[in-house]
Amino acid sequence: MRDRFPLLVVGGLVLTVVLASQLVKGARRGEFADTLSTYRAQEDGARALFLLAEESGLKVTRRMADMRVPSTDESTLVLLGVEVEGSREDDLEQTQLAAEPDAGLDDEHTPRTGFNTFRATHVDDREVTEVLTRVAAGGSVVYVPWGSRENPLLDALGVKLTKADTTLPMRTLVPPLSTPYTLGVERVEVKVQAYLELPGTAVPLLEDERLGRMVAAVIPHGQGRVLVVGAPELAMNVALARADNAQFWLSSLAALGSGPYEFDEFHHGFTNERSVVDFARRYGLHFAVLQLLAGVALWSVALKRFGRPRPPLESARVGATDALFAMARLYREGRHHGFAAKLLSRGLTQELALHAGVPANASPGVVSDALKERGREDLAQGLSDLTARAESATSDNDLQQLAAHAASLRQSIHPAGKPRRSPPGTP
């Protein structure tokens with residue numbers, strides 16, 4: 001244990017630093033959540049939109065399950081910045097306009113922050129089918145895609161995205177016609193990521209005042225409808241205070257239905273599943289395997305000795321020797337040969353009990369039987385002989401022979417080690 005102490009100290013310090021950093025990160029107001037998550041209170045979060053709708057009297061909730069789990073009511077699903085499996089860029093010129101990674105709003109991939117980087121998932125094909133089936137049956141969905149790549153959900157709606165020039169400043173958007181979705185909205189100021197190419201049945205809601213290109217629209221699908229917005233910044237906390245941005249959301253959500261409005265958090269990495277089985281079923285066992293390998297590596301390193309064993313201090317060695325001689329003299333002068341013999345027998349029995357797999361307080365007979373079951377009949381026979389001789393020890397010579405026999409048995413506990421020869425003059 002003494003040899004492993006430095007490694008345990010280092011490991012404890014590293015663990016303390018990691019836990020402290022995670023605690024500090026989690027204590028920051030909403031910074032642990034993903035971009036456009038309603039839990040994130042930073043500039044690129046959507047917490048303000050959730051609270052705005054809640055305080056305005058709209059029924060809002062957070063969805064912690066994937067689309068395979070059907071809703072129990074006629075709710076409106078809100079997808080903010082979630083990525084859809086099978087996303088692609090068909091136009092090479094659009095690809096050339098893509099910015100470098102981690103470029104914020106100019107990036108084609110949703111920026112991930114915190115631990116949710118490893119937990120955020122894509123909307124898979126089956127979930128896309130469930131969403132479209134839900135809309136076709138009369139439901140409503142709000143979809144704010146990130147970037148300008150096409151995906152199966154937009155393909156089913158007949159919508160194509162065209163990447164906006166990242167060098168353009170903040171755009172002013174205006175309603176091209178009067179609709180319930182833009183009630184009370186005169187202008188919206190936001191940075192646009194993508195312009196929409198809409199089917200003929202779509203209802204345009206917001207267009208670029210200078211370029212005349214659509215940024216938001218409602219697309220009918222079956223008996224339902226989908227609100228598509230090509231400006232993710234419009235849902236961010238930093239943008240709600242500009243112009244009529246907040247009023248646009250209040251009018252649009254109210255026109256889509258009475259609610260409740262389910263803000264999807266499952267694909268931002270938040271779930272209500274806490275069991276190990278659910279974690280393994282959804283995310284696989286690779287994290288558990290990595291933890292196991294890390295534990296095995298730490299254990300194997302902990303077995304390594306840091307340097308050679310140091311000999312005991314001279315004072316400790318001399319003191320232990322003096323105490324041993326003093327105890328031997330007390331036993332000799334008091335003629336406690338039988339008691340000393342029983343101590344030797346008891347010490348050897350306890351040591352052999354550990355190798356026999358029985359409790360340390362087991363009797364010599366129990367230990368002998370356990371040793372025989374493990375194939376160590378030599379140790380079992382030696383223990384029985386020593387126990388019998390301890391009962392009849394009456395002299396210093398008997399006690400000396402008993403101690404030599406006990407030492408010989410201890411040396412033969414491990415078969416790999418050859419017993420040392422006794423000094424001349426000892427039996």
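Me: A residue is called buried when its relative accessible area is under 20%, exposed when that area is over 50%, and partly exposed in between (1.4 Å probe, protein chains only). By that reading, does Arg376 count as buried or exposed?

Reply: The model is predicted: local features need pLDDT of at least 70, side-chain atom pairs count only at pLDDT 80 or more, and totals for chains, interfaces and linings use all residues. Residues are numbered from 1 along each chain as its sequence is written, and side-chain values use heavy atoms, with hydrogens and water left out. Arg376 counts as buried because its relative accessibility is 18%. Asp378, by contrast, has a relative accessible area of 43% and is therefore partly exposed.

Me: How should the term salt bridge be read, and how many salt bridges does the count come to?

Reply: In general, side chains of opposite charge can pair when their charged atoms come close. The criterion here is a side-chain nitrogen of Lys or Arg within 4 Å of a carboxyl oxygen of Asp or Glu. By this rule the count is ten. One of the pairs is Arg63 with Glu262, whose closest N and O atoms lie 3.1 Å apart. This pair connects distant parts of the chain, with Arg63 in strand E1 (residues 60–63), Glu262 in strand E11 (residues 261–264), and their positions 199 residues apart. Helices (H or I, at least four residues) and strands (E, at least two) are DSSP runs, numbered from the N terminus.

Me: Are Arg63 and Glu262 buried or exposed?

Reply: Arg63 has a relative accessible area of 6% and so is buried. Glu262 is likewise buried, its value being 12%.

Me: Which residue of helix H4 pairs with Glu262 in strand E11?

Reply: Arg134 forms a salt bridge with Glu262, with 3.8 Å between the closest N and O atoms. Here too the link is between distant parts of the chain: Arg134 belongs to helix H4 (residues 125–136), Glu262 to strand E11, and they are 128 residues apart. The relative accessible area of Arg134 is 22%, so this residue is partly exposed. A further salt bridge joins Asp378 to Arg376, where the closest N and O atoms are 3.3 Å apart. Where salt bridges share partners they form a network, and Arg63, Arg134 and Glu262 are joined in one.

Me: What does strand pairing tell the reader, and which strand pairs with E9 in the antiparallel sense?

Reply: Two strands pair if DSSP finds at least two bridges between them. Strand E9 (residues 214–221) pairs with E10 over six bridges, in the antiparallel sense. Within this pairing, Ala216 has Val229 of E10 as its bridge partner. The two strands form a hairpin with two residues between them, and Gly222 in the turn has a positive phi of about 65°. E10 also runs parallel to strand E3 (residues 140–144), to which four bridges join it. Val141 is placed opposite Val226 of E10.

Me: Why is strand E10 described as largely enclosed?

Reply: E10 (residues 224–229) has six residues and five of them are buried, so the rest of the structure largely encloses the strand. Val226 lies in this strand. Its relative accessible area is 5%, so Val226 is buried. Between Val226 and Ala202 the separation is 24 residues in sequence and 9.6 Å in space, C-alpha to C-alpha.

Me: How is a positive phi to be read, and where does Leu36 lie?

Reply: Most residues other than glycine have a negative phi. Leu36 is not a glycine, yet has a positive phi of about 65°. Leu36 is in the loop between H1 and helix H2 (47–55). With a relative accessibility of 1%, Leu36 counts as buried.

Me: What is the phi of Ala243, and in which loop is its place?

Reply: Ala243, although not a glycine, has a positive phi of about 40°. Ala243 is found in the loop between E10 and helix H6 (245–256). Unlike Leu36, which is buried at 1%, Ala243 is partly exposed, because its relative accessible area is 34%.
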